[in-house]
Amino acid sequence: MKHSSDARLTFGANVVADGVEFRVWAPASEQVDVVLYGPDAERVEPLAAEGEGWWSALVPGAGAGTRYKFRLEEGDAFPDPASRSQPDGVHEASEVVDPSGFAWTDDDWRGVPYENLVIYELHVGTATPEGTFDALIDRLDDIASLGATAVEPLPIAEFPGHRNWGYDGVFLYAPESSYGGADAFRRFVDAAHARGLAVILDVVYNHLGPEGNYLHAVTGGRYFTDRHCTPWGDAIDYGARPVREFAIQNALHWAREYHVDGLRMDATHAILDDSPTHVIAEMVQRVHASLPEGRHFVFMAEDERNENRLVSPPPAGWGINGVWADDFHHQVRRHTAGDHEAYFSDYTGTAQDIVRTLQRGWFYEGQRSENHGAPRGTPAEGMPPSAFVHCIQNHDQVGNRALGDRVTETVSLPVYRALSALLLLSPYTPLLWMGQEWAATTPFQYFTDHPEELGKLVTEGRRKEFGKFSAFADPAVRERIPDPQAPSTFANSRLRWDEADDMPHAGIRALYRELIVLRRTHPALRRRDRGGMDVHALGERTIALRRTAEDGAALLLVASFDEGGMSVDLSAAAATRAPDGAAWGLLLSTEEGRFGADAEGEIARLAPDGRLVMAGAGAVVLVAEGKGGE
């Protein structure tokens with residue numbers, strides 16, 4: 001399918017037949033020039049005032065590869081806030097990029113339907129030893145063979161230094177230079193599409209990073225407003241049309257110039273907009289309108305409010321596809337790992353509350369949150385299960401822990417395998433964090449590469465933040481929290497793909513592959529509406545998830561987190577009883593030897609009297625066999 005890769009931004013540097021058109025919004029300036037940097041000399045070209053703060057000029061002789069900055073009032077010169085490339089970092093000259101020069105091979109690509117997503121979240125810099133887009137291409141076959149249908153890189157907008165999660169990005173249009181830059185990201189997207197993988201890009205529209213952000217200087221502060229305040233300071237002023245366009249055209253830019261298949265928007269609860277139409281709602285409409293018919297493009301939000309209007313169609317809502325629904329993670333983490341401080345204090349982790357969360361999609365639907373000190377959430381009624389993005393790990397829930405430790409550092413592998421089955425066999429959209437599929441042992445720690453003074457403040461703030469947790473109340477203990485600025489913190493976070501080939505890791509990866517195949521192929525699991533799902537607690541440590549296809553084909557997952565084992569009469573309740581005329585047959589147990597478990601004894605069995613007996617924690621998948629289960 002052809003994409004409109006030649007569609008131009010209305011600002012920045014755009015290559016045309018007779019040169020480069022430069023355009024910038026500098027509403028507080030009386031004179032603006034573009035400074036071109038050649039190998040031997042600088043060239044200064046004046047920009048003409050268009051009105052309403054816009055300045056522009058066509059510069060003959062400039063082209064792809066030209067380095068430039070904008071100079072204000074014959075004073076300081078700054079990189080272009082809409083730069084497509086910052087090859088030498090955030091403080092240096094911008095580079096003109098011609099997006100039409102890349103030879104795409106994905107003309108027939110239409111994307112992945114939202115309801116078919118199995119998302120693989122990753123960090124480009126630590127997913128491979130090289131930390132580049134090109135190196136990551138070599139891992140796409142592993143991700144595709146797992147059964148994932150989309151990769152979701154953490155933000156790739158140019159950030160300060162060479163080590164960063166990506167949420168300190170300051171050039172929203174420029175793929176990170178240390179990852180390989182613009183064409184390397186195009187190669188990555190093209191290669192993903194060749195393997196049937198969508199690319200969903202994590203983007204940040206609620207703030208900009210603290211180092212190298214020149215939007216304040218170039219716009220004279222007009223990009224921000226003191227009408228609202230965010231955790232990062234004054235809010236971005238989405239009531240101003242040029243500011244609004246900067247975000248909307250950024251989304252269009254990723255869709256058209258890079259062929260990405262969707263956006264995951266960071267902390268949308270902090271995108272504050274008083275306009276009649278929220279900036280995200282307008283963005284969604286304009287991106288969809290810009291793409292060819294039949295092209296799948298998804299929008300997802302990280303939003304702590306549990307707001308159903310985000311997925312409601314306009315004009316009442318934003319019209320996005322899905323929302324990160326972390327209540328599921330918090331409930332099962334509380335249940336299995338015992339976390340109970342900070343936001344975990346809002347969750348009991350009981351089997352009954354896990355069931356409610358699975359029944360609804362999220363737990364908070366207007367109840368009072370003690371952590372927020374106010375009611376939280378709206379009813380999930382009417383929202384399709386696919387609108388809720390569930391996980392048992394993600395970059396936040398690993399990396400925002402003091403030591404960046406994964407859940408497998410706290411819970412046993414049988415419990416972990418049971419959690420994995422519950423995640424992948426529910427009708428909700430599953431998100432996996434890189435390495436999760438083999439229970440990676442590497443942490444994902446918080447790392448930055450700021451200048452020394454700012455870096456010192458970041459390190460001190462990071463350690464102070466954990467003082468509210470009982471485990472880190474002692475200042476001496478907090479000193480052991482990894483220094484975000486230390487290169488070793490970044491190095492410790494690199495995945496070790498080689499460990500995935502050894503047991504028990506290889507077995508866990510085999511389990512993930514089998515569960516995802518089952519999710520994709522079994523009629524009961526292919527049904528994604530609420531009508532085909534029933535969830536019940538079987539005691540205090542066991543969850544039963546029943547899925548039923550339109551034709552009556554049934555599947556029952558029993559996930560037990562009881563290390564001591566359990567026994568339950570499946571025929572005693574309608575929720576677990578086999579369909580009339582059928583009997584349950586054991587399809588798989590997560591505690592089989594092929595899944596990396598200790599296979600010396602029988603872990604799970606169906607007794608002749610209809611009882612399911614499990615010798616320890618784990619999960620079993622039962623399918624209805626016989627006439628009633630057809």
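**Note on side-chain contacts and burial in the predicted model**

1. Asp529 and Arg527 form a salt bridge in which the closest N and O atoms are 2.8 Å apart. The structure is a predicted model, and every value in this note is to be read in that light. Asp529 is partly exposed, with a relative accessible area of 32%. Arg527, at 18% relative accessibility, counts as buried, because the limit for burial is under 20%.

2. A network is also present among the charged residues. Arg241, Arg244, Glu245, Asp273, Glu282 and Arg286 are joined into one network by salt bridges that share partners. Over the whole structure, the search finds 44 salt bridges. As general background, side chains of opposite charge can pair when their charged atoms come close.

3. Within that network, the bridge between Glu245 and Arg286 merits individual inspection. Their side chains meet at 2.6 Å, N to O. Glu245 belongs to helix 6 (residues 241-257) and Arg286 to helix 7 (residues 279-290); the two residues are 41 residues apart, and the pair links distant parts of the chain. How accessible is Glu245, buried or exposed? Its relative accessibility is 13%, so Glu245 counts as buried. Arg286, in turn, has 23% relative accessibility and counts as partly exposed.

4. A further salt bridge joins the side chains of Glu499 and Arg496, with an N to O distance of 3.6 Å. Glu499 is buried at 5% relative accessibility, whereas Arg496 is partly exposed, with a relative accessible area of 39%.

5. Turning to the nonpolar interior, the largest nonpolar core has 139 residues. Which residues have the most contacts inside this core? They are Tyr120, Phe185, Tyr205, Leu263 and Ile320. For Phe185, with neighbours within four places in sequence left aside, the residues in contact are Phe133, Ile156, Pro175, Val199, Leu201, Trp254, Tyr258 and Val260. Another core, of 24 residues, lies apart from the largest one; Ala57, Tyr68, Phe78 and Phe171 are among its members.

6. The aromatic residues form pairs throughout the model, and the search of the whole structure finds 34 aromatic pairs. For Phe102 and Trp104, the ring centres are 4.9 Å apart and the planes stand at 70°, so this pair is edge-to-face. Phe102 and Trp104 are both buried.

7. The rings of Tyr347 and Tyr364 are likewise paired, with centres 5.7 Å apart and planes at 90°, so the arrangement is edge-to-face. Tyr347 lies in the loop between helix 8 (327-337) and helix 9 (351-360), while Tyr364 lies in the loop between helix 9 and strand 20 (365-369); the pair therefore ties together parts that are 17 residues apart in sequence. Tyr347 and Tyr364 are both buried.

8. One aromatic cluster is formed by Phe11, Trp25, Trp54, Tyr173, Tyr223, Phe224 and Phe246. Trp54 also takes part in a contact with a charged group: the charged end of Arg23 sits over the Trp54 ring, 4.1 Å from the ring centre. A second charge-over-ring contact involves Arg356, which lies over the face of Phe363 at 5.7 Å from the ring centre.

9. How many disulfides are counted in the model? The count comes to zero. Two cysteines illustrate contrasting environments. Cys229 has 61% relative accessibility and counts as exposed, whereas Cys391, at 4% relative accessibility, counts as buried.

10. Helix 8 is mostly covered, with nine of its 11 residues buried. The buried residues are Asp327, Phe328, His329, His330, Gln331, Val332, Arg333, His335 and Thr336. What covers these buried residues? The covering elements include helix 9, strand 21 (374-377), strand 22 (388-390), helix 10 (395-399) and helix 11 (413-424). Just after helix 8, Gly338 takes a positive phi of about 85°.

11. The final point concerns Thr489, which is found in helix 14 (residues 487-492). Thr489 has a relative accessible area of 3% and is buried. When residues up to four places away in sequence are not counted, Thr489 touches Gln445, Tyr446, Phe447, Pro482 and Asp483.

Methods: Residues are numbered from 1 along each chain as its sequence is written. This is a predicted model: local features need pLDDT of at least 70, side-chain atom pairs count only at pLDDT 80 or more; totals for chains, interfaces and linings use all residues. Side-chain values use heavy atoms; hydrogens and water are left out. A salt bridge is a side-chain nitrogen of Lys or Arg within 4 Å of a carboxyl oxygen of Asp or Glu. Helices (H or I, at least four residues) and strands (E, at least two) are DSSP runs, numbered from the N terminus. Buried means under 20% relative accessible area, exposed over 50%, partly exposed in between (1.4 Å probe, protein chains only). A nonpolar core is a set of buried Ala, Val, Leu, Ile, Met, Phe, Trp, Tyr and Cys residues joined through side-chain atoms within 4.5 Å. Contact means heavy atoms within 4.5 Å. Rings of Phe, Tyr and Trp (its six-membered ring) pair if their centres lie within 6.5 Å; planes under 30 degrees apart count as stacked, over 60 as edge-to-face and the rest as tilted. A charge sits over a ring if NZ of Lys or CZ of Arg is within 6 Å of the ring centre and within 35 degrees of the ring normal. A disulfide is a pair of cysteine sulfur atoms within 2.5 Å.
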